[in-house]
Protein chains: 2
Amino acid sequence: MLSKKTKYGLKALTFIARSGSDMPVQVGEIARGEQIPQKFLESILLTLRKSGILGSKKGKHGGYYLRKDPSEILMTEVMRVLEGPIAMVPCVSLNFYEKCDDCPDELLCSVNKLMIQVRDSTLEVFKNTTLKDLSLR
Amino acid sequence: MLSKKTKYGLKALTFIARSGSDMPVQVGEIARGEQIPQKFLESILLTLRKSGILGSKKGKHGGYYLRKDPSEILMTEVMRVLEGPIAMVPCVSLNFYEKCDDCPDELLCSVNKLMIQVRDSTLEVFKNTTLKDLSLR
DNA sequence: TGCATTTCCTATTAAATCGATAGGATTAAT
DNA sequence: ATTAATCCTATCGATTTAATAGGAAATGCA
């Protein structure tokens, strides 16, 4: 299941992208527009900023803005920041690899085999989708 | 992330499929062979039996066996029984659909759009993979 | 300078889920 | 009968998730 964090994050990014201009968008505005608890959203936008996807401006007339054009923001990047590994098991993750405690040999493991296929097909979607795609209605 | 339940369940099914014969396979044997806590595995095999994928025989020389040929057991079925919905959000699930509380219009929702694609590509993998594929080494 | 506004940061909480265990009831073979 | 297996329910502890609280830091403007 997709976490609320990721869901809210994607909605917020879309909201900012749809705003069009380069003016920073305020958390409160997004929270109201997308029905997201404001304090929770604050923390989500903060991690998006720390990851480099968003920039921010403090104080009056402050807010968050995209650091790149929406067409250059890939879902692979966004999903990894918000949701973590794209793979369903660590032993199949490209960016967050970890060996299983059980599993003497990954090449013989049926789960491993299946999950590599799922990872690749999911990756294919994320690699070919940008924030621009999401923000088109 | 894939739950341990699903991971163990897939491994157990593979173990049974690899055993080849129609003789029931005992929980203890699988648990030992695949490094799975026996009591936990018991409950997993029970749900697989209740779903109709496995059959069981009680008492001495009892155990679990496949109700169909491995080549006829699709991953769509197995995954739905063990892991639940294949979709990452309920509003996109074919078998477990639920409307979002937020989200006035699904057709305008960027998350919805993206997750439909992910669902379809994952489904494509599960639809084209059987237990037989998993059990080939 | 001072005040209002907004992001930034840390800590805490409540609820849900997950992984595992416990203990015994039921069924079947010998 | 005895033994060996599945079956069933309940519970527990740990982790994660979603959300809240409270205030620090920075910025714009009168």
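Count two residues as in contact when their C-beta atoms, placed from the backbone, lie within 7 Å. With that in hand, start on chain A of this predicted model: of its contacts with a separation of 6 or more, 57% join residues 24 or more positions apart.

**Stop 1: chain A as a whole**

Select chain A and colour by secondary structure. You should find six helices and two strands, running α-α-α-β-β-α-α-α from the N terminus. The C-alpha atoms fill a box of roughly 60 × 25 × 25 Å along the principal axes. Of the 137 residues in chain A, 35% are buried.

**Stop 2: the two copies**

Now bring chain B into view. Chain B superposes on chain A by a rotation of 180 degrees with 0.0 Å of shift along the axis, and the RMSD is 0.0 Å. The two copies are therefore related as by a two-fold rotation axis. To get your bearings on that axis, pick B:Ser121: of the residues of chain B, its C-alpha comes closest, at 2.9 Å.

**Stop 3: where the chains meet**

Show the residues in contact between the chains: 28 come from chain B and 28 from chain A. On the side of chain B that touches chain A, helix 1 (4-19), helix 5 (110-127) and helix 6 (131-135) of chain B each give two or more residues. Which of these should you highlight for the largest share? Go for helix 5 of chain B, with eleven residues. Coloured by class, this side of chain B divides into 13 nonpolar, eight polar and seven charged residues. Flip over to chain A and you meet the matching set: 100% of the interface residues of chain B are also interface residues in chain A, so the copies meet through the same surface.

**Stop 4: the nonpolar core**

Next, select A:Leu41 and B:Leu41. Within the largest nonpolar core, which has 74 residues, these two touch the most other members. Nonpolar side chains tend to be buried together in soluble globular proteins. Stay on B:Leu41 and leave aside its neighbours within four places in sequence: its contacts are then B:Tyr8, B:Ala12, B:Val27, B:Ile30, B:Ala31 and B:Ile36.

**Stop 5: DNA strand D**

Turn on DNA strand D and the 24 residues that surround it. The closest are A:Ser3, A:Lys4, A:Pro37, A:Gly59 and B:Ser56. On the chain A side, helix 1 (4-19) and helix 3 (38-50) each give two or more residues to this surface, as do helix 3 (38-50) and strand 2 on the chain B side. Helix 3 of chain B gives the largest share, four residues. By class, you are looking at five nonpolar, ten polar and nine charged residues.

**Stop 6: DNA strand C**

Switch to DNA strand C, which 23 residues surround. Here the closest are A:Ser56, B:Ser3, B:Lys4, B:Pro37 and B:Gly59. Helix 3 of chain A, helix 1 of chain B and helix 3 of chain B each supply at least two residues, and the largest share, four residues, comes from helix 3 of chain A. The classes come out as four nonpolar, ten polar and nine charged.

**Stop 7: the hairpin of chain B**

B:Ser56 is a good way into the hairpin. Select residues 54-57 (strand 1) and 63-66 (strand 2) of chain B, which pair in the antiparallel sense over four bridges. B:Ser56 stands opposite B:Tyr64 in strand 2, and B:Lys57 stands opposite B:Gly63. Side chains alternate between the two faces of the sheet in a regular strand.

Five residues lie between the two strands, and B:Gly59 takes a positive phi near 70 degrees in this hairpin. Then click on B:His61, in the loop between strand 1 and strand 2 of chain B. B:His61 has a positive phi of about 60 degrees although it is not a glycine. Most residues other than glycine have a negative phi. Is B:His61 buried or exposed? B:His61 is exposed, as 9 other C-beta atoms lie within 10 Å.

**Last stop: A:Gln35**

Finish in chain A, in the loop between helix 2 (27-34) and helix 3, where you will find A:Gln35. Its phi is near 60 degrees, a positive value in a residue other than glycine. A:Gln35 counts as partly exposed because it has 13 C-beta neighbours inside 10 Å.

Conventions
Residues numbered from 1 in each chain as written. Chains lettered and ligands numbered in written order. Predicted model: local features only at pLDDT ≥ 70, side-chain atom pairs only at ≥ 80, totals over all residues. Pairing = 2+ DSSP bridges. Near = placed C-beta within 6 Å. Nonpolar A, V, L, I, M, F, W, Y, C, P; charged D, E, K, R; others polar. Least-squares fit on C-alpha atoms with pLDDT ≥ 70 in both. Buried ≥ 20, exposed ≤ 12 C-beta atoms within 10 Å, placed from the backbone. Core = buried A, V, L, I, M, F, W, Y, C linked by C-beta atoms within 7 Å.
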